[in-house]
Amino acid sequence: MRIIGIIAEYNPFHNGHAYQIEKIRSLTQADFVIAAMSGNFVQRGEPALIDKYARTEMALSCGADLVIELPALWATASAELFASAGVALMRKCGCVDTLCFGAETDNLSLLKEVASLLVSEPEDYKEVLSSCLKKGMSYPAARSQAVCSYLKEANQQIPADELACLLNEPNNILAIEYLKAIQAQNAAITPYLIQRTGDGYHEAALNSSLSSATAIRKELLSNGWNDITTLNPYLPEAAYSIFKEYLNLYPPVSVNDFSAPLSYLLLQQSEAQLAFCGDSNEAIAHRIKNLQKQFHSFEQFCQLLKTKDMTYTRISRIFTHLLLQITSEDYRLGKSLDYIPYLRILGFRKDASRLLTILSNYADVPMISKSANAAPMLSSDAARLFDLDVFAGELYENILSGKTRQDARSEFVRNIVRV
């Protein structure tokens with residue numbers, strides 16, 4: 001039996017995601033596909049456009065057999081931690097033999113070579129990296145230059161332009177992080193690469209049927225959601241129907257919906273507390289406090305704070321961590337628990353119910369299908385991570401409640417999705 005794992009956000013689920021699942025099924029003759037999906041907040045430090053239950057239903061209706069929530073701690077983390085937790089989740093399932101991911105390149109061997117370099121970190125590589133960081137380069141830019149420098153010396157056959165492109169494309173970067181995690185965790189999981197087709201990850205215009213989630217979100221937030229017929233060509237039919245039905249009831253959520261609570265927290269927190277926030281440090285906290293009076297909105301303040309060596313995405317993640325009460329101590333705790341101390345089931349296909357039986361027989365950690373039943377299954381440390389998931393869901397719902405004037409739906413009464 002072959003069980004494929006996919007780590008995703010599905011924000012929202014679109015034609016490119018359906019293409020990936022269809023392709024992996026046809027190429028590998030997979031029996032089941034398990035998706036590890038971010039909850040109501042995603043890796044760029046933003047709220048998901050629509051909630052995790054609707055996105056789960058979209059994924060299950062378009063090819064996935066089971067959706068497990070990637071804990072909020074890791075779903076909002078750096079690419080390295082996001083990937084490490086995703087691989088750990090698949091490993092904890094105990095039955096996933098293959099991890100499928102997309103990339104802008106089809107050169108898996110080169111991606112593996114870069115991943116091995118970043119795991120071993122030879123002295124020549126570290127010297128270049130340190131030199132670049134001292135020049136004020138951001139860590140991603142410094143790492144990219146150090147990798148290019150090292151590999152050009154070690155392997156003259158790799159064209160310099162191919163290397164530079166490899167390390168500047170977001171899906172390539174994430175693919176390398178998956179490969180690093182598989183190697184570092186000694187996971188018995190085979191990587192399976194599918195080259196990305198259609199528009200690029202950051203392409204903000206709807207140019208083809210395989211347009212990016214970025215373009216779909218921009219179109220929706222810019223032009224409104226009362227009539228989303230313009231998005232019909234870019235989503236599978238089943239996903240479009242679920243998307244439309246959801247938006248008839250609830251508006252999409254964006255970062256600026258969290259501006260008021262963020263403004264309050266920035267006023268209320270001391271510089272030391274801000275430095276203790278996940279992904280933050282003393283220098284960033286000091287800059288935030290110095291510019292605090294210029295806060296107008298979540299997005300505007302991220303733009304104001306970003307510098308050559310501090311990206312917009314990192315600042316956005318810090319603010320999301322502040323909102324979700326995620327600290328640097330939580331990351332230490334999460335790593336001590338080997339990333340994933342439980343599997344929270346968001347939904348499954350009824351015709352794939354056998355997969356749940358397989359999972360219950362092989363999973364290394366407790367399976368949670370109802371939040372109300374979680375406490376007796378978890379240690380106090382694991383419960384802390386689960387509480388972060390619940391809080392993330394409750395905060396998202398309260399923001400949504402304020403936009404709709406409807407009662408918020410508690411995480412403790414939401415049912416798993418069955419399709």
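**View 1. Helix α9 is largely enclosed by the rest of the structure, because eleven of its 15 residues are buried.** Buried means under 20% relative accessible area, exposed means over 50%, and partly exposed lies in between, with a 1.4 Å probe and protein chains only. Helices are DSSP runs of H or I with at least four residues, strands are runs of E with at least two, and both are numbered from the N terminus. This is a predicted model, in which local features need pLDDT of at least 70 and side-chain atom pairs count only at pLDDT 80 or more, while totals for chains, interfaces and linings use all residues. Residues are numbered from 1 along each chain as its sequence is written, and side-chain values use heavy atoms, leaving out hydrogens and water.

Helix α9 covers residues 170-184. Its buried residues include Asn 171, Leu 174, Glu 177, Tyr 178 and Lys 180. The end C-alpha atoms are 21 Å apart, which agrees with the 21 Å expected at 1.5 Å a residue. That expected span is 1.5 Å times one less than the number of residues. Asn 186 follows α9 and has a positive phi, near 50°.

**View 2. Arg 143 forms a salt bridge with Glu 177 of α9.** A salt bridge is a side-chain nitrogen of Lys or Arg within 4 Å of a carboxyl oxygen of Asp or Glu. Here the closest N and O atoms are 2.9 Å apart. Arg 143 lies in helix α7 (residues 139-154) and Glu 177 in α9, so the pair ties together parts that are 34 residues apart in sequence. Both Arg 143 and Glu 177 are buried.

**View 3. Arg 409 pairs with Asp 51 in a salt bridge.** The closest N and O atoms are 3.2 Å apart. This pair links distant parts of the chain, 358 residues apart. Arg 409 is in the loop between α19 and β10 (417-418), and Asp 51 is in the loop between β4 (46-47) and α2 (52-61). Asp 51 is buried, at 1% relative accessibility. Salt bridges that share partners join Asp 51, Glu 397, Arg 409 and Arg 414 into one network. The count for the structure comes to 22 salt bridges.

**View 4. Asp 338 has a positive phi and a salt bridge to Arg 91.** Its phi is about 60°, although Asp 338 is not a glycine. Most residues other than glycine have a negative phi. Asp 338 lies in the loop between α17 and β8 (343-348). Arg 91 lies in helix α4 (residues 79-93), 247 residues apart from Asp 338 in the chain. The closest N and O atoms of the pair are 3.0 Å apart. Both partners are partly exposed: Arg 91 has a relative accessible area of 22%, and Asp 338 has 29%.

**View 5. Arg 217 is buried yet has no salt bridge.** Lys and Arg count as positive and Asp and Glu as negative, with His and the chain ends not counted. The nearest side chain of opposite charge, Glu 46, is 4.8 Å away. Arg 217 lies in helix α10 (residues 213-223). Contact means heavy atoms within 4.5 Å. Leaving aside neighbours within four places in sequence, Arg 217 is in contact with Asn 11, Pro 12 and Leu 49. The peptide bond from Asn 11 to Pro 12 is cis, with omega near 0°. Pro 12 lies in the loop between β1 (3-8) and α1 (15-28).

**View 6. Phe 319 is one of three residues that touch the most other members of the largest nonpolar core.** Such a core is a set of buried Ala, Val, Leu, Ile, Met, Phe, Trp, Tyr and Cys residues joined through side-chain atoms within 4.5 Å. This one has 152 residues, and Trp 74 and Phe 243 are the other two. Helix α19 (residues 380-404) gives the core its largest share, ten residues. Beyond four places in sequence, the contacts of Phe 319 include Leu 262, Ile 288, Phe 298 and Cys 302.

**View 7. Cys 100 and Cys 132 are both buried, each at 2% relative accessibility.** A disulfide is a pair of cysteine sulfur atoms within 2.5 Å. The whole structure has zero disulfides. The sulfur of Cys 100 is 15 Å from the closest cysteine sulfur, in Cys 93, too far for a bond. For Cys 132 the closest is in Cys 148, 10 Å away, also too far.
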